[in-house]
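The following questions and answers go through a single structure, taking its open and closed spaces, two helices and a few loop residues in turn.

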Amino acid sequence: MGLKIWLNDGLVDESEAKVSVFDHGLLYGDGVFEGIRVYGGKVFELKAHIDRLYMSAKAIRLPIPSDPDELARNTQTTVEANNIQDGYIRMIVTRGKGSLGLNPLTCKTPQIIIIASCIQLYPLELYENGLRVISANTMRNHPLCVNPQIKSLNYLNNILAKLEALDRDMLEAIMYNHEGYVTEGTGDNIFVIRDGKIYTPPTSSGALEGITRNVVIKLARENGYEMFEQNLTRYDLYIADEIFLTGTAAEVIGVVEIDGRSIGTGRPGPITKVLLVKFEAYVRK
Ligand code: PMP
């Protein structure tokens, strides 16, 4: 027996969890998703994730055939059915089965999929030693294209940037927007520390409004740090004392090198470490 997967209106064994090859999620990346963590059997920031899923769906005119409370209950049910204590949930809504053409109106029934499984984190040694990253040539989605706030099933831009990093034996790339401002990593938000102050790009730059990002901003302020959401350039990264990334999967992880240049001392910095500890305490609260 494999995992129990939530498919539309109930749990099925993973061997039975199938979608059509005519699903526009597959044919066109027409759909939305969320990645969510489970800590100690509790789904972390479920409401925030579900809210973001509904906003993404609304932005692409995809009616989710379930209300948010029902989706939250079904998520919890999926976690319990798989006995997940510490894990990762992938929630997906596709446009559903339609014709081979683009027309989404041929798709009558959006598909809801919830997978609750184990988590794949960055290797532990990277939390000790920090990540090396590059600046990607691939630009973050332009706001007049698929808006960067939409967590759509089409992540090709980010995948191409990730490949640029992997080509250089690195795991993450920093993406810039059409004006040259820093936005975020391919799957993580970015924070920069200089002279004890913490900066992160505003969502208007094209940074996703990450749920981890929001928690870290809150924790930073509660712990007395000056925290600013403002546009940053590549220069600001090069002269930073510390850089860290945040995300559902990554949590809080230090960056020690960008474009071959060492950040700060070349080790994850003290404020990064404080915020990682605070974050770990917060998620297990
Ligand atoms: N940016 C992008 C492009 C992402 O896909 C993610 C992961 N969902 C993040 C940032 C981090 O957001 P969160 O903290 O909500 O996982």
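Q: Which element gives the most to the lining of the largest pocket?
A: The model is a predicted one. In it, the elements that give two or more residues to the lining of the largest pocket are S3 (31-39), S5 (87-94), H5, H6 (211-222) and S13 (242-247). With 4 residues, the element that gives the most to this lining is H5.

Q: What is the volume of the largest pocket, and which residues lie nearest its centre?
A: The volume of the largest pocket is about 980 Å³. Its lining consists of 37 residues. Those nearest the centre are Tyr88, Arg90, Gly187, Asp188 and Ala249.

Q: How do the residues that line the largest pocket divide into nonpolar, polar and charged?
A: The lining holds 37 residues in total. They divide into 16 nonpolar, 12 polar and 9 charged.

Q: What span should helix H5 have at 1.5 Å a residue?
A: H5 runs over residues 156-167, which makes 12 residues. The expected span is 1.5 Å times one less than the number of residues. The end C-alpha atoms of H5 are 16 Å apart, which agrees with the expected value of 16 Å.

Q: Where around H5 do its buried residues lie?
A: The buried residues of H5 are Asn158, Ala161, Glu164 and Ala165. They cover an arc of only 110° around the axis, so they lie on the same side of H5. In general, an α-helix has 3.6 residues a turn, so residues three or four places apart point the same way. The place asked for is the same side of H5.

Q: Which strands are among the elements that cover the buried residues of H5?
A: The residues to be covered are Asn158, Ala161, Glu164 and Ala165. The cover includes strands S7 (131-135) and S8 (172-176).

Q: Which residue just after H5 takes a positive phi?
A: Helix H5 takes in residues 156-167. Just after H5, a phi of about 60° is taken by aspartate 169.

Q: Why are the buried residues of H8 placed on the same side of the helix?
A: In H8, the buried residues are Ile271, Thr272, Leu275, Phe279, Tyr282 and Val283. They are placed on the same side of H8 because the arc they cover around the axis is only 100°.

Q: Which residues are exposed on the other side of H8?
A: H8 is formed by residues 270-283, and its end C-alpha atoms are 20 Å apart, in agreement with the expected span of 20 Å. What covers its buried residues includes S3, S10 (189-194), S11 (197-200), H6, S13 and S14 (251-258). On the other side of H8, the exposed residues are Pro270 and Val277.

Q: Which strands each supply at least two residues of the lining of the largest cavity?
A: The count comes to 1 cavity of 30 Å³ or more, and about 30 Å³ of space lies in the largest cavity. Its lining is made of Asp241, Glu242, Ile243, Val255, Val256, Ile263, Arg267, Pro268 and Gly269. These divide into 5 nonpolar, 1 polar and 3 charged. The strands that each supply at least two residues are S13 and S14.

Q: Is threonine 248 buried or exposed?
A: Threonine 248 lies in the loop between S13 and S14. Beyond four places away in sequence, it touches Gly35, Ile36, Arg37, Tyr39, His49, Tyr88 and Thr212. The cut-off for buried is under 20% relative accessible area. At 18%, threonine 248 is therefore buried.

Q: How many Å apart in space are glutamate 226 and lysine 197, C-alpha to C-alpha?
A: Glutamate 226 is found in the loop between H6 and S12 (227-229), and its relative accessibility of 45% makes it partly exposed. Not counting residues up to four places away in sequence, glutamate 226 touches Lys197 and Ile198. Glutamate 226 and lysine 197 are 29 residues apart in sequence, and their C-alpha distance is 5.2 Å.

Q: What is the phi of asparagine 83?
A: Asparagine 83 is in the loop between H3 (68-81) and S5. Asparagine 83 is exposed, with a relative accessible area of 61%. Although asparagine 83 is a residue other than glycine, its phi is positive, near 55°.

Key:
Residues numbered from 1 in each chain as written. Predicted model: local features only at pLDDT ≥ 70, side-chain atom pairs only at ≥ 80, totals over all residues. Heavy atoms only, no water. Buried < 20%, exposed > 50% of the residue type's maximum accessible area, 1.4 Å probe, protein only. Arc of directions from axis to C-beta. Contact = heavy atoms within 4.5 Å. 1 Å grid on protein atoms, 1.4 Å probe; cavity = no way out; pocket = protein on both sides within 12 Å on 5 of 7 lines; lining within 4 Å. Points joined across faces, edges and corners; volume = space filled by probe spheres on them. Nonpolar A, V, L, I, M, F, W, Y, C, P; charged D, E, K, R; others polar.
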